[in-house]
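Here are my notes on the model you sent over. Have the structure open while you read, since the points are easier to follow on screen.

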Amino acid sequence: MPYNRNKVSEDLAMSHLGLKNLEDVFWNLPTPRLYEHVIRNREGHLAHLGALVVRTGHFTGRAVKDKFIVDDAGSHDKVWWGDFNRAFPEEQFDALYARVQRYLEGKQIYVEDCLVGADSRYEKPLRVITQDAWHALFARTMFVRPVDINREIASDEPEFTVLHVPHFHAMPSHDGTHSEAFVILHLTRRIALIGGTAYAGEIKKSIFTIMNYLLPDEDVLPMHASANVGEDGNSAIFFGLSGTGKTTLSSDPDRKLVGDDEIGWSDYDIFNFEGGCYAKVDHLSEQKEPLIYNATKRFGTILENVGLDMDSRRVDFNDTSLTENTRAAYPVQAIPNAIYPGVAAQPRHVIMLTADAFGVLPAISKLTTEQAMYYFLLGYTAKIPGTEVGISEPQATFSPCFGAPFMARHPCVYANMLGKKIRQGNVTVWLLNTGWSGGGFGVGKRMDIDLTRSLLSDALNGKLEHATFQTHPVFGLQMPEAFNPMTTWHDPEAYMKSARHLAERFRQAFEQFEADATEALLQAGPL
């Protein structure tokens with residue numbers, strides 16, 4: 001679609017969505033022009049060195065309880081219905097959609113045509129329609145830009161459409177939503193309807209959920225993961241929940257970044273779904289995370305809810321007065337050694353990250369295929385005091401597939417695919433603990449980032465294969481003798497008590513999968 005607007009092509013392209021009588025439609029504006037619109041519309045502020053600083057209002061994170069999937073005949077038997085994928089009647093979707101259509105009459109909108117998936121064999125054309133210039137810039141930043149790879153997208157109906165109306169508020173009693181905000185996915189019609197929230201992450205995660213629904217049918221494993229590759233072609237996948245270091249550890253100056261959040265694993269390669277990064281930047285420092293820090297300073301970066309001195313226009317990453325979930329969206333090319341579009345060879349290593357706040361798990365351990373599937377199904381990490389309201393002591397948390405809110409199908413679908421690909425590729429799997437050692441939170445110490453990087457490097461370059469391993473007495477993990485976590489505790493009995501307590505939490509969390517698990521998988525958990 002050209003930058004110059006054509007009224008006839010606009011009307012044709014919008015007709016299939018039922019959008020009409022629009023005041024103005026801005027098609028595929030390049031980044032500088034979107035900047036001009038953001039400033040003119042007073043949607044954000046220009047910071048020192050060129051980043052845009054915006055505010056998302058009431059919602060500073062995902063509206064988890066406001067996400068629904070339309071329950072229709074085409075998707076009903078495939079969706080993992082439950083807390084994360086709540087059913088929404090199709091007739092209610094149609095009624096709310098009609099209200100949004102009427103709401104947009106007489107208003108201006110921004111349209112960005114993008115691609116999802118860096119591998120051309122699996123790429124999906126995406127159209128994002130939004131009210132705000134900065135959300136259009138977010139879409140342009142986060143997805144693969146056709147103009148960058150000399151690809152032209154036809155003006156007819158794309159495979160995915162996001163209709164994003166952050167300033168439209170639902171009426172729960174009338175619309176059937178949970179609140180004034182809503183994220184509703186119609187998987188059969190491949191439409192994401194988002195409203196009542198300006199948090200931009202809803203755009204990217206809605207598309208991720210749709211990809212998670214579609215790609216297993218193409219024998220591609222969609223993953224909430226990051227990936228990088230060494231100079232010798234040695235690629236690695238990193239799984240991990242927020243706060244475990246997934247973005248930090250994959251953004252390695254000695255390795256090339258493939259992607260930091262959403263990766264596909266096909267029979268040919270691994271590939272990034274996106275064209276940008278969406279990093280948490282609370283308390284970001286140049287010393288500890290120089291690549292991400294420098295990426296946030298450039299023109300084209302969007303900073304969500306980050307502190308800003310209005311006089312000097314300098315940002316303050318330590319200012320979390322609005323939210324701990326401050327974010328930066330920047331093109332992946334802002335990372336100097338990133339691959340764009342992000343495609344790499346089949347992985348040799350899979351790294352599963354956990355921030356164990358109880359000080360129980362080894363700093364690093366080697367997993368069998370069944371153990372990899374087990375830990376993948378659990379998706380364990382721990383929340384610590386200060387990360388969320390109401391948390392006063394460490395809490396074990398489990399998110400199947402390291403991203404349960406985005407998994408449209410049952411977790412066992414993805415776990416079985418993971419096990420198959422690990423076996424076929426003879427992939428080595430590691431569990432890397434970025435949490436505590438020498439005791440739990442408040443007693444022990446957080447793993448030193450330099451030690452974690454050193455262990456990771458030794459794992460990826462093969463040095464760790466020559467270490468002497470021993471079996472963990474409770475979890476059955478193979479760990480280097482030099483990194484037995486019990487030896488870091490003053491009281492071995494206290495360590496064993498804590499280990500057994502965490503093992504019981506694992507057992508309880510895995511109960512939901514026991515009916516679908518093989519005997520080998522059941523034996524992969526704590527002893």
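The points below cover one sheet and one pocket.

1. Keep in mind that this is a predicted model. Everything that follows was computed from it, with no experiment behind the coordinates.

2. Let's begin with the sheet. It is open and has five strands, in the order β2-β3-β17-β20-β16, and the pairing is mixed. At the edges sit β2 (44-46) and β16 (276-280), each of which pairs on one side only. On average, neighbouring strands here are turned by 20° against each other, if you ignore direction.

3. How do β3 and β17 run where they are joined? They are parallel, with three bridges linking residues 52-54 of β3 to residues 302-304 of β17. If you want one pair to click on, V54 has E304 in β17 as its bridge partner.

4. A helix belongs in this picture too. Helix α2 (residues 31-40) lies across β2 and β3, and α2 runs at about 120° to β2.

5. Now for the second largest pocket, which holds about 350 Å³ of space. It is lined by 22 residues, and D252, P253, D254, R255 and S457 are the closest to its centre.

6. Which helix gives the largest share of that lining? That would be α11, with four residues. At least two lining residues come from each of α7 (246-250), α8 (290-295) and α11 (449-460).

7. As for chemistry, the lining of the second largest pocket splits into eight charged, seven polar and seven nonpolar residues.

Definitions and conventions: Residues are numbered from 1 along each chain as its sequence is written. This is a predicted model: local features need pLDDT of at least 70, side-chain atom pairs count only at pLDDT 80 or more; totals for chains, interfaces and linings use all residues. Side-chain values use heavy atoms; hydrogens and water are left out. On a 1 Å grid over the protein atoms alone, a cavity is a set of points where a 1.4 Å probe fits but cannot get out, and a pocket is an open set with protein on both sides within 12 Å along at least five of seven lines; lining residues have an atom within 4 Å of a point. Grid points are joined across faces, edges and corners, and a volume is the space filled by probe spheres set on the points. Ala, Val, Leu, Ile, Met, Phe, Trp, Tyr, Cys and Pro count as nonpolar, Asp, Glu, Lys and Arg as charged, and the others, Gly among them, as polar. Two strands pair if DSSP finds at least two bridges between them. Axes are lines fitted to C-alpha atoms, for helices over the stretch in contact, and angles run from 0 to 180 degrees between N-to-C directions. Contact means heavy atoms within 4.5 Å.
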